[in-house]
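Student: Could we go through this structure together, with the reasoning behind each label spelled out?

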Amino acid sequence: MFQFRITKKDKKSRARMGVLRTPHGAVHTPAFVPVGTKAALRGISFDRAKQYGGEMFMVNTYHLFHNERYKIIGKFGGLHAYAKIDAPLMTDSGGFQVFSLGFGSEHGVGKIADIFPVSAKAPAGRPSEKITEYRGNNFVKIDDTGATFKNPVNGQMLWLTPKKSIEIQQILGADIIFSFDECTSPLSSYEYTKKALKRTHTWAEVSLKTFYGNKHPAAAALWRGKQAMLGIVQGGEYEDLRKESAQAISSLSFFGYAIGGSLGKSKNDMYRILDLTIPLLDEKKIKHLLGIGEVDDIFESVERGIDLFDCVAPTRWARHGSVLTSKGRINIRNKQFLIDKKPLDIHCACTVCKTYSRAYISHLYREKEVYAIMLMTEHNVAWMLDLMRRIRLSLKAGEFQKFKKQTLQGFQ
Ligand SMILES: [Zn+2]
């Protein structure tokens, strides 16, 4: 039921086109996977996103775990039936949220480029090992068994283990699931990252064991033959740890791989990590870059052999008034747009751009009309999916480099 086939390779780089077959349909790669954090895309329906070429979506396990909603979803037979999604789905492992609650908030950093903490420092006198212990109102303790959290919503203590993460993902029933990992901060020391990596590799084995040998009756009935798992390569910005991780993860029987975690302190660090990691992974298997979705990063990563991306950016940007255009992002709040008769992007063929002016959407946004967010979300998602379609076309025509140069010129 699951298959990944490479259909064309770029002659000048590691870029390739492919088809991922899942029980809920095919995904043409390289593909962007819009994120519906809590089983909704925030501002656009899954069906509408499908009409614009969305072939797979991601839902975050953590957000259906901390409120025990996964138990209700299980009674519906999984996410597809619960949220009426007729498309392939992915769920993540919850590991990234461990990072967000712990290191992410402790170090005041997120994951992707614009928050790479070039000048930030860990609090003085606190070795990284201890930083996992406590952060403001959040509490995250990580040991070899898993992560213990204080639920930020109600203060209740939660325990997420690799076994539990896989069982929840089996109940949620997404087509592609991820092994449970520890995602370290860009500010984590080498020693801490090494320790976390060892845990991630042990957890990868526990994840696979749970996946193949689960006796939990509800889970076992749901997953068999319906899911495939990707293993996550970690190791922070440290080259030897990334290599070690790529070798450890690729020695296990995963359907494909994901590159996760902090990817260094700058975009160049991220590209360097991809350059050294990807050649160590089985070329024939699918590769997913977790949580990255800036336009330049997509081109650079496709070029290095990445097949799948997921990112909340297009929908999140829309909520902040930020709109993707062929000349870079614009903010609809700017005064000049109140009298601008042009569409959001003159080259975009989405319904929003065919119908409305920047002036109208700018007015709605200033007046806090929900419809403004819906329109910008629809455009941003459509724009991103169309970009991926054009990347695939350029690969097919052997003109990827030309298309990359052309597109990124607009973004200068
Ligand atoms: Zn548009």
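**Buried residues and a shared core**

Tutor: Let us begin with glycine 36 in this predicted model, where glycine 36 has a relative accessible area of 0% and is buried.

Student: Why is glycine 36 called buried?

Tutor: Buried means under 20% relative accessible area, and glycine 36 has 0%, so the label applies. Glycine 36 sits in the loop between β4 (31-34) and α1 (46-51), and, leaving aside neighbours within four places in sequence, it is in contact with Leu41, Met58, Val59 and Asn60.

Student: What makes cysteine 183 and cysteine 350 count as buried?

Tutor: The cut-off is again under 20%; cysteine 183 has a relative accessibility of 4%, so it counts as buried, and cysteine 350, with a relative accessible area of 2%, is therefore buried too.

Student: How many disulfides does a search of the whole structure find?

Tutor: The search finds 0 disulfides, where a disulfide would need a pair of cysteine sulfur atoms within 2.5 Å.

Student: Which residues touch the most other members of the largest nonpolar core?

Tutor: They are Met376 and Ile391, in a core of 94 residues, and helix α16 (residues 370-396) gives the largest share of this core, 12 residues.

Student: How do you know where this core lies with respect to domain 1 and domain 2?

Tutor: Domain 1 (3-93 + 162-311) and domain 2 (320-410) both contribute residues to the core, so it lies between them. Not counting residues up to four places away in sequence, methionine 376 touches several residues, including Val323, Ile332 and Leu344.

Note on methods: Residues numbered from 1 in each chain as written. Predicted model: local features only at pLDDT ≥ 70, side-chain atom pairs only at ≥ 80, totals over all residues. Heavy atoms only, no water. Core = buried A, V, L, I, M, F, W, Y, C linked by side-chain atoms within 4.5 Å. Buried < 20%, exposed > 50% of the residue type's maximum accessible area, 1.4 Å probe, protein only. Helix = DSSP H or I, 4+ residues; strand = E, 2+ residues; numbered from the N terminus. Domains from an automatic or database assignment. Contact = heavy atoms within 4.5 Å.
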